[in-house]
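Hi,

Here is the structure I promised to pass on. Have a look at it first, and then read my notes below.

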Amino acid sequence: QNGLRLWVCVVIPLFCVFLYFIAVMLQIFASHKQFLDTSRYILFAQMMINDTLQILSSVLLFLCVMGQVKLPLLFCVPLLFVCTCTFLNTTLILAAMSLERYVSIFYPLQRPASWRSDRIWIIILPLWIISFIFPIIEFSIGKYSPIVDVLFTNMLCKGTVINSSLIQGLYRFAVYVLFFAVVSVIILFTYMRIVMETRKMRQDRASVSKAMHTVMLHGFQLLLCLLAFTMPISETLIGLHTNWLAEDVAFFNYFCFILIPRFLSPLIYGFRDQSLRKHIGNRFLCCSKKRKPFFK
């Protein structure tokens, strides 16, 4: 019980800070037309919304599992569904952001219609549809007891409990490998093409070099996502070399390999962008000026 209170005291304040920062950036996007008219920023806003949903659902699931709280399937399955969909969608959005940089460099004047800011939904909508399809298939290929009542059958909300069959486990592993392999190839391809273009161009090398660094950042963000797959290895190593309780090991892995990468990804991108950094600085500066001192 004390351990659960400690986890809540660590996770909830961190999540609130993250949520506040995301809300500030989304409000900046909504109030400045320059961001709404740029495909790159629209995709970034999608990533922030996606990561917020992912963190919210994963925090709720983690606290339920650590507190041994069992929920009816009617509430458990949607939470797992949102958590899985947004986890997959993060990689797809990173691939789309890398391709957007590629298009902006190689087709600056003849940009395809689907990559313009007013048509970028043509790119965004399929990403969400694809990320929804695979978890639906995973759930549908399982074998479930016909006597299970979705309202009154309480279960521990873990993916390995709901989707526990061998075929589901193999399917989940194959989907994760496929997603990360395809996205890695896309990011590597765009990076190499931009590098070659940088060597050819004599003018406007600064913008091309900036695009190259942006694609590198997307690769780093993908590596942060891949940290989630190191959790079984770290659990084994910690169990062999320490006397930690299983709950403490689970919290350490969740905090280091799920929460922190999701927190860092949008923060790094937001502060790296010069326009966003300026507006964020102005927003917090204005807030600090509005506060009245306690003593005059």
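**Aromatic pairs, a cavity and the annotated spans**

Phe29 and Phe35 are both buried. Keep in mind that this is a predicted model. The rings of Phe29 and Phe35 have centres 5.2 Å apart and planes at 65 degrees, so they make an edge-to-face pair. The two also belong to one aromatic cluster with Tyr41 and Phe44. Tyr41 has another partner: the charged end of Arg40 sits over its ring, 4.6 Å from the centre.

A search of the whole structure turns up 12 aromatic pairs. Another of them is Phe134 with Phe179, with ring centres 5.2 Å apart and planes at 85 degrees, so this pair is edge-to-face too. It links distant parts of the chain, since Phe134 is in helix α5 and Phe179 in helix α7, 45 residues apart. Phe134 counts as partly exposed because its relative accessibility is 22%, whereas Phe179, at 6%, counts as buried.

Phe134 comes up again in the cavity. There is one cavity of 30 Å³ or more, with about 40 Å³ of space. Its lining includes Phe134, Glu138, Arg172 and Tyr176. Helices α4, α5 and α7 each give two or more residues to that lining, and α7 has the largest share, with four. By class, the lining has six nonpolar, one polar and two charged residues.

As for annotation, the unreviewed UniProt entry lists several transmembrane regions, among them 71–99 and 251–271. In the model, residues 71–99 are 93% helix and 7% strand, with end C-alpha atoms 41 Å apart. Residues 251–271 are 100% helix, and their end C-alpha atoms lie 28 Å apart.

Cheers

Conventions:
Residues are numbered from 1 along each chain as its sequence is written. This is a predicted model: local features need pLDDT of at least 70, side-chain atom pairs count only at pLDDT 80 or more; totals for chains, interfaces and linings use all residues. Side-chain values use heavy atoms; hydrogens and water are left out. UniProt positions are given in the numbering used here, feature names are shortened, and annotations may be inferred rather than shown by experiment. On a 1 Å grid over the protein atoms alone, a cavity is a set of points where a 1.4 Å probe fits but cannot get out, and a pocket is an open set with protein on both sides within 12 Å along at least five of seven lines; lining residues have an atom within 4 Å of a point. Grid points are joined across faces, edges and corners, and a volume is the space filled by probe spheres set on the points. Ala, Val, Leu, Ile, Met, Phe, Trp, Tyr, Cys and Pro count as nonpolar, Asp, Glu, Lys and Arg as charged, and the others, Gly among them, as polar. Rings of Phe, Tyr and Trp (its six-membered ring) pair if their centres lie within 6.5 Å; planes under 30 degrees apart count as stacked, over 60 as edge-to-face and the rest as tilted. Buried means under 20% relative accessible area, exposed over 50%, partly exposed in between (1.4 Å probe, protein chains only). A charge sits over a ring if NZ of Lys or CZ of Arg is within 6 Å of the ring centre and within 35 degrees of the ring normal.
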